[in-house]
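Hi,

Here is the structure I promised to pass on. Have a look at it first, and then read my notes below.

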Amino acid sequence: MTDIWIMRTGHRPHRDKRVTTHVALSSRALGAKGIYVDAEDRVLEENVRSVSERFGGDFEVHTGIKWKEAVRGFDGTVVHLTMYGQRLDEAITKIPSDKDIMIIVGAEKVPPEMYERADLNVSVGNQPHSEIAALSIFLYGLTNGKALYEDRGGRFTVIPNSRGKTVVEVPK
Ligand code: SAM
């Protein structure tokens with residue numbers, strides 16, 4: 001399995017902390033290797049790492065990394081999610097399965113250069129909605145949701161339960 005990286009641009013720490021945290025947690029749950037966020041935000045880093053400490057895995061979070069820097073040394077397919085892009089179902093068939101992938105999601109307007117630099121500009125429908133929704137649907141389509149129930153070897157493991165909550169804590 002190749003690595004999936006997320007690049008979140010346009011993050012404003014005071015305004016977007018909840019949305020960007022959810023972008024990170026959704027991508028972690030759907031099997032991404034890690035996330036880059038353009039503005040430095042130590043609180044965001046701590047919050048996301050604290051989830052991994054409890055629920056396992058080695059999801060990486062790096063803030064203060066601009067999108068150009070993230071893509072510069074990246075050897076793989078760069079996908080930019082935008083409502084103006086080509087159809088998701090068609091784009092997914094063009095993504096090489098043997099290469100890493102970096103998925104860029106914005107906040108407000110993204111610079112025109114990003115459309116040029118991306119290998120694929122992909123829409124999840126042509127209606128405006130949300131970076132969390134677009135990323136989650138894209139990742140589900142790309143991976144068939146394979147990571148959703150994987151054991152992450154965490155201190156806490158949730159056992160699916162049709163009613164109520166079952167959480168197993170592994171003793172230290
Ligand atoms: N006009 C923007 C656009 O180009 O998609 C919508 C801005 S939206 C608040 C923030 C981010 O959500 C966008 O940068 C894009 O990554 C993602 N997004 C929103 N709607 C989308 C859609 N229908 N398809 C793909 N991505 C979408």
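Let's begin with the ligand: the space it takes is the largest pocket. Keep in mind that this is a predicted model.

Which elements build the shell around the ligand? Those giving two or more residues to it are β4 (76-87), β6 (120-123) and α6 (131-143). Of these, β4 gives the most, with four residues. If you want to find your way around the site, β4 is what I'd click on to begin with.

In total, 17 residues surround the ligand, and the closest are Leu81, Met83, Ala107, Val124 and Gln127. What kinds of residues make up the shell? There are nine nonpolar ones, seven polar ones and one charged one.

Now for the polar contacts, where the protein backbone comes in. A polar backbone atom of Gly125 lies 3.0 Å from a nitrogen atom of the ligand. His129 also has a backbone N or O atom facing a ligand nitrogen in the list, at 3.1 Å. For Glu131, the partner is an oxygen atom of the ligand, which is 3.2 Å from a polar backbone atom of that residue. As for cover, the ligand has 530 Å² of accessible area on its own, and the protein covers 85% of that.

Stepping back to the whole chain, you'll find six helices and eight strands. Reading from the N terminus, the order is β-α-β-α-β-α-β-α-β-α-β-α-β-β. The radius of gyration is 16 Å, close to the 16 Å that the globule rule gives for 172 residues, so the protein chain is as compact as a globular protein of that length. Taken along the principal axes, the C-alpha atoms fill a box of roughly 50 × 35 × 30 Å.

If you only have a minute, go to the ligand in the largest pocket, and then pick out the backbone atoms of Gly125, His129 and Glu131.

Cheers

Technical notes. Residues numbered from 1 in each chain as written. Predicted model: local features only at pLDDT ≥ 70, side-chain atom pairs only at ≥ 80, totals over all residues. Heavy atoms only, no water. Near = heavy atom within 4 Å. Polar contact = N/O pair within 3.5 Å; in protein donor to acceptor, adjacent residues only side chain to side chain. Areas by Shrake-Rupley, 256 points an atom, 1.4 Å probe, with all protein chains shown as cover. 1 Å grid on protein atoms, 1.4 Å probe; cavity = no way out; pocket = protein on both sides within 12 Å on 5 of 7 lines; lining within 4 Å. Sits in = over half its atoms within 2 Å of the grid points. Nonpolar A, V, L, I, M, F, W, Y, C, P; charged D, E, K, R; others polar. Rg over C-alpha atoms; globule rule 2.2 N^0.38 Å.
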